[in-house]
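I'm opening a fresh notebook page for this one. I'll jot down what I looked up, one thing at a time.

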Amino acid sequence: MDYNKLIRMIGFQDIRNILDERKKRDDNLFFLPMNAVAVAEELMVVKRKCYFGLQHTDKKVLLPTVFDEIRILFANLVSLRVKDSWALYDCSQNKLISDFEYIKIERNGIFVELSCYNSKGWYDPILNRYLARTGYDQINLLEQQTEYLWVKKGKFFDFIHRETGRLVSPPGVIMAYDTSTGMFGLNEHNHVCYYTETGSSSPDKLRDKIIKAGGHMTLQNLTFRIEHVIDVYGNILNK
Amino acid sequence: MEENNSLRYLIVKECCRSLTYDSLERQFSFPLQSASFLSQIWERIKPQAFSHTPSFRRDDFVSFLTRLDSLDAQYTRTKSDGIGDSQLLPGESLDLTMTSSKHFLLIKMEDGQYLNLDTGQGLTFGSLVVFQGNASITTAEGNQLGICKSVDILCPNEDHIILDRVFFKNYHRRSIGSSLWPVFNHALKIIESRRSGFCDEILDLSIDLGIGSFPTLRILNAATSYGL
């Protein structure tokens, strides 16, 4: 474990200073045992005096006992707290995924949810990357068989391509639907549109999709419990 | 003054009668209740109307009724750069403006086959036809209608959608039928019978074919022009 490498990744001088102080003290307390307080996913959170560290279940030390809190989120992902700030740490890569810039980091469904004061971000532990780093309030957590994930900020929705992480921001989308392929959204004029990868609406592509569906299409958003049936013009027929 | 959907639904439900054929007027419509009955209805639904839209007044009620009374002639117009038969669904309406300034109002009845909404005549263009500007429009029999200058798609508006919710319940749960000629043929039978009255069987037929009030009314009223 290269603790010095971890420290160098931290951008906040005050947090580095705190951890440096604690590390010096921890080094001097080598004779005190560490007690296991949580075990999950082959990881063990240990405590010495009042600080927490991380070990592999085979006792290999991954992080020294210098943190105010450690939570095991997924097999290789833990969240670390120093004072009121949280960071995300990948044990397998031995690196900080984020700095100590969040007020809360927790597991939410199959993602890691990272909260700032007025927005959220999400990290995908399977694809090992951010879905959205920050700036949103909500993400599609309920329906996972979609080509695109929707994310919501205030009144409006954007889309994230699951495989590539590419963000698509069509203007004025006030409702997004969970569809296996493509991006369908309701605009501010109460019409459902099909959006291309550039974020512009494509009436021709919408028309193709609706014709293939037999003239009407049912669109859902499970999170908001919405079901809309639309026609080839994007009119909602059951509202 | 914009009514919300719940208010529109309430007014249509209370004030419109079901699909009716008037043999004197030779017209299919969803007629309004009688004037005196409408006044009673307004008094009765006023509290509910205010709860949906607090600023809704009698003038707004009358204005909405006026729109409902002319629903068969209403639509939203969308310009098209060109659209082929395979890109159109049965029940979709086109307005072809020709270079001669003549208009052809058509509704697609099945692949390649259209109904002239003004004359009630069927026109066959074939399924490979593309309606677009600067293109000659010719029927499969070789009749030239002229050179097309522009194409507009005529779409239903929100009032049609509310009418559908009241009278064409859940029609959208079915796929649109491959042919809408049964609606036209049934209309002809009703017209030939010269009997005025409700046409519930046409409503049922339209619902089965997955179409709502907008294409239904256009097909029915085209049938009234057939043979004239």
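Entry 1, the join between the domains. This is a predicted model, so I'm reading everything here as computed. I first looked up where the two domains of chain A touch: eleven residues of domain 1 are in contact with eleven residues of domain 2.

Entry 2, who does the touching. On the domain 1 side, I found two elements that each give two or more residues: strand S11 (120–124) and strand S12 (129–136) of chain A. Which of them gives the largest share? It's S12(A), with five residues. I also sorted that side of domain 1 by residue type and got five nonpolar, four polar and two charged.

Entry 3, the domains themselves. I checked the bounds next: the assignment puts 1–136 of chain A in domain 1 and 137–239 in domain 2. How far apart are their C-alpha centres? I got 37 Å.

Entry 4, overall shape. I noted that the C-alpha trace of chain A spans about 75 × 35 × 25 Å along its principal axes. Then I looked up the radius of gyration, which is 23 Å for chain A, while a compact globule of 239 residues would come out near 18 Å.

Entry 5, what chain A is built from. I counted three helices and 21 strands.

Entry 6, inside and across the chain. Of the 239 residues in chain A, 36% are buried. Last, I took the contacts in chain A with a separation of 6 or more: 30% of them join residues 24 or more positions apart.

Note on methods
Residues numbered from 1 in each chain as written. Chains lettered and ligands numbered in written order. Predicted model: local features only at pLDDT ≥ 70, side-chain atom pairs only at ≥ 80, totals over all residues. Domains from an automatic or database assignment. Contact = placed C-beta atoms within 7 Å. Helix = DSSP H or I, 4+ residues; strand = E, 2+ residues; numbered from the N terminus. Nonpolar A, V, L, I, M, F, W, Y, C, P; charged D, E, K, R; others polar. Rg over C-alpha atoms; globule rule 2.2 N^0.38 Å. Buried ≥ 20, exposed ≤ 12 C-beta atoms within 10 Å, placed from the backbone.
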